[in-house]
Each structure stands twice: as structure tokens, then as C-alpha cells.
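Biologist: Before the terms are applied, I should like each one to be justified. Please show the model and then take my questions in turn.

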Protein chains: 2
Amino acid sequence: MELKNFVDKVFSKYRGRKFEIQYWDGTKHTYGTEDTDRFFTITLKTKNALKNIIFRGSIGFGEAYMDGDVEVEGDLADCVSLPAEPYFSLFRPTFREKIKYARMFLKNRNTLKGSKRNIHSHYDLGNDFYKLWLDKNMQYTCAYFEYPEQSLDDAQLNKMEYSCRKLELKEGETVLETGSGWGGFAIYAAKNYGVKVKSYNISHEQVEYAKEWAKRENLENRVEFIEDDYRNAEGVFDKFVSIGMLEHVGVDNYGTFSDIIFSHLKDKSLALIHTITKLFPDPTDPFTAKYIFPGGLIPALSEVIPALEKKLFTIIDIDNLRLHYARTLHFWRENFERNIDKVRKMFDERFIRMWRVYLSGAMTSFSDGPMTLSQILIAKGRLNNVRLNRRAFYDTKYKDPHWNYWTY
Amino acid sequence: MELKNFVDKVFSKYRGRKFEIQYWDGTKHTYGTEDTDRFFTITLKTKNALKNIIFRGSIGFGEAYMDGDVEVEGDLADCVSLPAEPYFSLFRPTFREKIKYARMFLKNRNTLKGSKRNIHSHYDLGNDFYKLWLDKNMQYTCAYFEYPEQSLDDAQLNKMEYSCRKLELKEGETVLETGSGWGGFAIYAAKNYGVKVKSYNISHEQVEYAKEWAKRENLENRVEFIEDDYRNAEGVFDKFVSIGMLEHVGVDNYGTFSDIIFSHLKDKSLALIHTITKLFPDPTDPFTAKYIFPGGLIPALSEVIPALEKKLFTIIDIDNLRLHYARTLHFWRENFERNIDKVRKMFDERFIRMWRVYLSGAMTSFSDGPMTLSQILIAKGRLNNVRLNRRAFYDTKYKDPHWNYWTY
């Protein structure tokens, strides 16, 4: 009973949206003061479930939910957004739990071998599974919405198009990509901008898919997918792009990542890094690290930028797409639930519940929590032939004036 | 004679633009391999001048030039851009010189008193002097050019206009400004966006000028100029802006600067920081620190961003205006030389030569050297009513869609 009292105490000063907790003994209690249409109920079926949440935080909740010891009626996203509330800083892992996590983080380090294992565990879950809830171009990264109601398919096309424009891709140029995903961006850029892309990825299933796709599009001579680590990249290129890979690189390797861009990019050239960033440096949430992205770490800008400065890259533009990612995840969740019967034929209920926590938690971490999405455009060397502003990113009809400096 | 041999050796591998050195003994030598129309001649009138350059770097050159021991025929900017070449890393201050600089930096620290003295020495040189070479709105910061040939007056108007747009200023809002300059931005924002601005500045002459200007514009009830340090700011505001002040804050005070924004800004609100940044953390060049901006320090983004992250600010947008600043300085130099007769009535020849080195060096540090200009747009708290993209910064006719998140 004292655990329930603890919850009462924690939420006695809670002024947010109302929600109800139903306890294992049949009692229930409403917390919060704000009436909204986003009321939800958390059912704690065992005392142990509550214990897990209180003493182990997100992973305690996640596991209890996966095991069916916690049920949520209403939107799971509203429930998992509660930790964004300052009150939940109370529900943090104990010291003993932290030791366990430290061991896990160590085990999952991104050595060449470790990365291979980490990436395999998430991205090789089966292409048919990802097809069920991603857009038709299989973009597993933040989309770019032109208006809030735009479709996910169109918004993912925008993301690829804007990325090409930011990079000022020109026919015949060579592009190094690290992290291919299922090949969507490389194929889009080759098809629409006439560039040649060499793209590295260590997810076997993704590379297989990407190669097939390039073959179907007759782009085999212009898009090369290589199943290898970005650290083994070879060649010198006109442009560099990495969309949604830095999240898997790990803080120890940002220097290496920056070195790789520097060594494989021509002087006075552009590179684009598209990555989730966090408002401040912080280790990965244990639930995510254990069940979703082993070895994953969301960088803070303060962790990435020093690595770029070491190679004297000029930061040309940082574009924050935080709410675009929340919206993207909204669509992924919707698609996932719409296809839940098909997912059930692939995975068990525990996996499905795990995936729900993941997608819901990710969505609210962008809308209410500490996650942002940064598109970082950089230049190697003193690039003096640059755009005067960024209007042409969005408006192709705009006459895009460039400096050609030292002509005055 | 050995000093001349040293120069020969240093430049023997130099492949850049051709230039000539005329030595004190009448001998001359051409260095570089590239024929351009930007040939220049450096005359070293004494052996001591060369010694100063070799052993004391920029300050050695600066002082020798100020004293007339060095003359440059052709463009002084081309001459002072030479240190951007890797070869010049040889010409670095000796250890003994470095000790001297360390003492100077210590003396010029930005305590409340120190800042007052530092700012006074530059910005209180006389409003009539600055009028001779700044634009008609007295903007002593980077302009924003819509096309390379645009006039400085128009480009400075753009800078103010874009800054207002980025901040999404709305009629009746209150704005805290730290670093008023001569009041141009505060007056522009009040006049064109109907906001109320409270603006802090410790340059006595600038504040006097700004107050007069506000009176002439009948804006005294909407623009308040206060002669006080930004650390003494009072009140809570809808928006925050600081244009070209962070360069005087000093690395020890970035935390304080971030705290000041946080404490005086409403939750879920925008702030804009416009500052010169450097490609990497680096102390101020001794010539600049001694003669131009005592106490000044150009931050690297890696030094500013951690301070912003500590207060959980979201970095919404970083816009690099590097070449805009080079172009701005090009105009300042032109205006300065066009009005040189009037300047001569105010200052002696040594000052004029010092100012030439300053403006030329600053210009090339943006076009060829390590300086950039960053407009950093941040939000306090989780601001979920934001623009979907940045097109409206440039295009007022564009229907500017905003999220109003959590409506889905």
C-alpha cells in the first residue's frame, strides 16, 4: 500500500492533463487537473509492475507493459509522455540498476564488430515488416512536411528533395553516402539529379533490398550499395551525405566520423548530416538501449560540433525538424496499428507491445521531450561560391543568387 | 641578411598569388606563382620591421605598418590575407610574447568594470567618426545581401528585417535587447513591428545617440535605451535579441549570457543571437586585442552551444552569413577611404593606418580566414507552435504554415 501512497504523493501537485490509475486491488485514482479529450487510464495489474516503474523508470514500465502487467486505455503516447513532466524525474533507476546499464552499454559499443551486431538486431527484423508501416520509399528517418496535413509519402519525398537541394547536387557529381537505409535517398538523388552515389551500410537485409531496387530502376551503373562499415569507405567525392546514421555511431566515434567526411570529400565541398539530436548530452534511455537500438546514442550538438571544428568544417546551416519527426512518427504508429493483423503473423504479442512503446515514446520525445532533429550542412575548406540565402531550398522558381567571391 | 633568407625559404614553396617584397637595402624579390590582377608590393623600410613580423606575427606587422616602417602598394587586404595561408603558421609569436599577451588578456577581462572600459575604448571613439563609414542606420554588424551588388544601406535594412521575421515579432510584444549599438535595430523593430524594446548598452556615446534618435522618431514610449550592463537587465519579455554583442562577452561569461536569456524570456519563446563565430576555439589575435577590441573574443559554436544546452534551449536555426560580413567590410573600407580627409581631421596618421589594418584584416578573415557569422535562433521550452520551414524569412508573400502541435 505504501507504493500507492507514493504515487499519490508524487502526483498530488501534478497540474497536467487528467489520467486515471487503476490498481491491482481494484482501487482507482484520478491525477492531474486539466480536462482534455486525451484522458487515459493506466491499469497496473500487479504491485510488482508499479515497483518496476518506480525503481527502474522507463525500462521498468516498458517491460511491465510488454509482459501485459500494465495496460493503457486511451493513447499510449499520452501515457509515455508523462516522463517529460518534471515530476517523473523522481522515477529514476537506482544505483544497482545503473551498474547493469553501464555493463550493457559497454557490451554494445560500436566497434566494427559491435556495430554490425547492433545494426543487425534492429534493421534486419525483416523488410516485409518495415514495409507495413513506412512510406513507399522506405524512409526510416524524419520526413519534411510542407503543410501539417501533407501525406507521409509526399513528406518523405520532400525530405529527399530538400536534402539534394541543400547539397546543391549537380549532374555527374559523385556522392558518398554513409548509412543507406533501404536505398531510397541514393536512388532518388541518382534518378533526379544525375549523380553517382556510393553508399555504405552494414544491414544485410537493407543492402539486399537496396541492390534489388537499384536493379529494378536500371540505376546499377550510378548507385553502388556496399555492405560495409562507413569507416571502411574508399574514394574521394564531390559531396557527402549521411541521413540517420550518426545515431548509431556513438560518442567515441564522432571524431572518426568527422575524419571520414574530411578524408573522402573534395576541398571546398558540401556535406549534409541529418541526425536526431538531444537538447543536452545524455546517455540512451535503458529501455531503448536494451530492446530497440543497442549501441545507439542520440548526440547533443555540443558533442557533434567539436568533432566538426577539429577538421575546420564551416557550419553553413542547421535546420531543426523536431515536430516533423513527431508527425512522421504519428504516421508510422498509425500505419503500424492499421496493419497489426499482418504484424501478428510475423511477431509475438510481446514484440508488438514493445514496438508500441518504442514508437509512442519516440513520438512524444520529439513533441514534448528532449529530442530534436538537426540537418547540419557543412563545407570543407573556405567555400566561397555559396548561396546568399536559403530560399531556394524551398522555392525552385526563385532565382538563386550565389556569391562568386573575390570577383568584386 | 639571414632574415631575408628566412623569408626566401618560407615562400620558396608558396604557390599562391604573386607579390613582391622590397627590402630596406633596395633589393626586391617576387614570391608566389599565380599571376592575378591582385599583385601587391610590401616595402619593408627597416630590418626591424621584418624582425617584428617574423617574431611577433600579426601585432608585429600591425605596429610596423602603423609606424610607417611597412608600406603596402596594392590592396592591403590581399597582404593581410597572407596569414590565412598555411605557410604563415611559421610566423607565430615567441613564448615571451605570449606571456605578454596573457597579461593583456587578464587585464582586459570582462568584469562589469572591465567591460565598461573595453567597450568605451572602441565604441566611444566618436559617433561622427562611425557615421563616416557605416550605413545610414548605423549598423556596426554584418549586413544581409539579397544579391551581391545590393547597396550596404539596403543590406543592413535586410539584416534588421530578417532578424524581426526570424523572431516572429508581433504588435504589442515586448523585446529585450542586449547590445543596442546606436539603436538601429530597436528603432526598426518598434517602428515596423509595433513591439516595445528595452535595450541595454554600456557605450555612453552610443546610448546618447540612440536616445536622441528615438526622440526624433517619436518612439520614446516604445524604445527604452538603458546605459547598463546586460547582466543587470530586469523584467520578463516575449522575445530576446542580441546582435553583435556576444563578441564582447568573453568565454567565461557564456553561461551567464545564457542564464540572462533564460531568466528574462517567457516560456515557449524565441531568442535570436547574432554573433561572429570562429571555425574553432582560439584566443583573440594580439593586434586586435591590443588595438581594436580589448576584452573581445570570437566564440566557436562549440563554446556557445554548451551554455545554451545547459538551459535546455532548442536550437531552431543556425544561419551562416560569412561572406555577407566580408561584403559588409568591403563597403566599410570603401566608405572609410572615401572619407579619409574627414577622418584625418579627427585622428592622426597612426590611428588611420591602424584602422586600415583592422578593416582589411577583418574582411579577409571572413573571406579567406577562420571567421564566420552565425545567426542562432533558439526557443526556451518546448515551443510547439513553430514554422514548418524558413521560406517566410525571405518571402513575405509565402503563406507561412505553422504547426499548432497536438491538434492532430
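Modeller: Strand S10 (residues 314-320) of chain A is joined to S10(B) by three bridges, and the two strands run antiparallel. This is a predicted model, in which local features need pLDDT of at least 70 and side-chain atom pairs count only at pLDDT 80 or more, while totals for chains, interfaces and linings use all residues. Residues are numbered from 1 along each chain as its sequence is written, and chains are lettered from A and ligands numbered from 1 in the order in which they are written.

Biologist: What makes S10 of chain A and S10(B) a pair of strands?

Modeller: Two strands pair if DSSP finds at least two bridges between them. Three bridges join S10 of chain A to S10(B), so the definition of a pair is met. Strands here are DSSP runs of E with at least two residues, and helices are runs of H or I with at least four residues, both numbered from the N terminus.

Biologist: Which residue of S10(B) stands opposite A:Asp317?

Modeller: A:Asp317 faces B:Asp319.

Biologist: Why is the relation between chain A and chain B called a two-fold axis?

Modeller: Copies are superposed by least squares on the C-alpha atoms of residues with pLDDT of at least 70 in both. Chain B is laid on chain A with an RMSD of 0.0 Å by a turn of 180 degrees, with a shift of 0.0 Å along the axis. That is the relation of a two-fold axis. The same surface serves both copies, as 100% of the contact residues of chain B recur in chain A. Within chain B, B:Ile318 comes closest to the rotation axis, its C-alpha lying at 2.4 Å.

Biologist: How many residues of each chain are in contact, and what is meant by contact?

Modeller: Two residues are in contact if their C-beta atoms, placed from the backbone, lie within 7 Å. By that criterion, 41 residues of chain B are in contact with 41 residues of chain A. The elements giving two or more residues to this side of chain B are helix H12 (301-310), strand S10 (314-320) and helix H13 (322-338). S10(B) provides the largest share, seven residues.

Biologist: What is the make-up of that side by class?

Modeller: Ala, Val, Leu, Ile, Met, Phe, Trp, Tyr, Cys and Pro count as nonpolar, Asp, Glu, Lys and Arg as charged, and the others, Gly among them, as polar. The side of chain B that touches chain A has 23 nonpolar, eight polar and ten charged residues.
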